[in-house]
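Me: I would like to go through a structure with you and ask, term by term, what earns each label. Could you set the values against the definitions for me?

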Amino acid sequence: MDWAVALAPGADLDGFRRAARGLIAVEAPPGAVDWSGGALFGEAPPDGPPLILPRRAGALIQSCVRHADPERFALLYQLVWRIHRGERALAEIASDPLVHRLEQMDKAVRREIHKMHAFVRFRRIEEEPGHERFAAWFEPEHFVLESAALFFVDRFRSMRWSILTPLGSVFWDGAALDFGPPARREDAPDGDPFEDGWRAYYESTFNPARVNPRMMASEMPRRYWRNLPEAAAIPDMIRGAPARVREMIEREASAPMKRNPDKAVAAMADQRPKTLEALNRIIAAADPFVSGGTRAVLGEGPLTPAIALVGEQAGDQEDVQGRPFVGPAGQLLDRALAEAGLDRTDLYVTNAVKHFKFVQDGKRRLHKSPTAGEVSHYRWWLDKELELVRPRVIVALGATAALALAGKPMPVTKCRGETSFENRRGVITYHPSYLLRVPDAARKAEAWGQFVDDLRLARALAG
Ligand code: URA
């Protein structure tokens, strides 16, 4: 062995390229190079001129350096060497044993990136109030953290989060990514309040009639299960599947032929939840009735509060965090509540529509207002929820909430102020997003004053 290469641990793409350039410059054949990093003898290669490689070869190198196989660099150098020796189209020849092996590695790396996107689960870490952080523990088989991280930046740009893995860690502070050393399982939080939500969501998307444990294990390989809150439900779901299918068949047989959303609502109402927890379980397990909506965003707050605030529907941030009014509209609402002398933790906060309706526009998820039909579908939940929460006064934030509460259109500009929602004492006011959108500064100040006044009115009505 004449040459010895020492690369940084993991996917040292730059180090490999530098070494390959130097080795080609000195015409070092693959058999004369030790890539193990532990060679006692052998010279480090010098620098060399840039190598011009066919596109497919470059792509294979970029991907395969991320594979955990300790032979990856030696294999990639064989590819570079043979191309340099005249086999320019080598990377396109899938039947070549070397290329075949590299393609398998490339596939495994791409699959691992995909699995990481799908199976990272963030847990909330409360630092100080208003300074939440999220952390996830993940155990990738290959060095894919850097390739996978940008996906999470796009998805959770405004949050602060870390992903910890035994192969390295990454931290996003809302502005820049910072890659750090490997982490240990115990560095990551163990669970958070939304754990049950993931489980309920997964159970609700599980179709017992289609259960195929082998397929499930290939889509969600077992090695990911231990870090997925929802995976705890899998063994029980598989075990219970035959009975659930039997139940479904019996139910189908006795159900009227025509199925429509109202029937689905009626079936849920038939379960007659007696507590808010029982109702929430039904909501969390139901399919979204609007396009988008990855999870149900449930109401939160104490029972029998002075005031319940009802918004339109969860937004992007609410869908991400699983809590109502935590995005920009929520921040504005918090400010107005403080100005009106109200403490949000004393109030109950919920939405007329429990899922985030959106259209995907490239990487962005654009809010879409719910239709009257969609609002009506969710009315049963809202009604039941308020019956169980028993607020003294209900505040409709915006026209959609007013429609859901009153069962008829009540435009905010005409109906602002005290009202009654089917015998429940209420107040209609603006939706905080409206205040964010008013372009004219003077009108904005006026609307802000009215919004705070309406909240004060609700406070006075609640006694
Ligand atoms: N807008 C709403 O109506 N509700 C939320 O929870 C967030 C934004």
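Reply: Gladly; here are some questions about a sheet, a cavity and two loop residues, with their answers.

This is a predicted model, where local features need pLDDT of at least 70, side-chain atom pairs count only at pLDDT 80 or more, and totals for chains, interfaces and linings use all residues. Residues are numbered from 1 along each chain as its sequence is written, and side-chain values use heavy atoms, with hydrogens and water left out.

Me: What makes strand 12 and strand 14 a pair?

Reply: Two strands pair if DSSP finds at least two bridges between them. Strand 12 (residues 393–397) and strand 14 (residues 424–429) have 4 bridges, in the parallel sense, so they meet the rule. In one of these bridges, V395 has V427 of strand 14 as its partner. Strands here are DSSP runs of E with at least two residues, helices are runs of H or I with at least four, and both are numbered from the N terminus.

Me: Why are strand 9 and strand 13 said to stand at the edges?

Reply: The 5 strands form an open sheet with mixed pairing, in the order 9-8-12-14-13. Strand 9 (348–353) and strand 13 (417–421) each have a single partner strand, so one side of each is left without a neighbour in the sheet.

Me: Which strands does helix 14 touch?

Reply: Helix 14 (residues 372–389) packs on the sheet, touching strand 8 (307–313), strand 9, strand 12 and strand 14. Contact means heavy atoms within 4.5 Å.

Me: What makes the enclosed space a cavity, and how much space lies in the largest cavity?

Reply: On a 1 Å grid over the protein atoms alone, a cavity is a set of points where a 1.4 Å probe fits but cannot get out. There is 1 cavity of 30 Å³ or more, and about 50 Å³ of space lies in the largest cavity. Its volume is the space filled by probe spheres set on the points, which are joined across faces, edges and corners.

Me: Which residues line the largest cavity?

Reply: The lining, meaning residues with an atom within 4 Å of a point, consists of R379, L382, D383, L386, A404, L405, E422 and R424. Helix 14 gives the most, with 4 residues.

Me: Why is R390 called exposed?

Reply: Exposed means over 50% relative accessible area (1.4 Å probe, protein chains only). R390 has 54%, so it is exposed. R390 lies in the loop between helix 14 and strand 12, and its phi is near 55 degrees, a positive value in a residue other than glycine.

Technical notes
Axes fitted to C-alpha atoms, helices over the stretch in contact; angles between N-to-C directions. 1 Å grid on protein atoms, 1.4 Å probe; cavity = no way out; pocket = protein on both sides within 12 Å on 5 of 7 lines; lining within 4 Å. Buried < 20%, exposed > 50% of the residue type's maximum accessible area, 1.4 Å probe, protein only.
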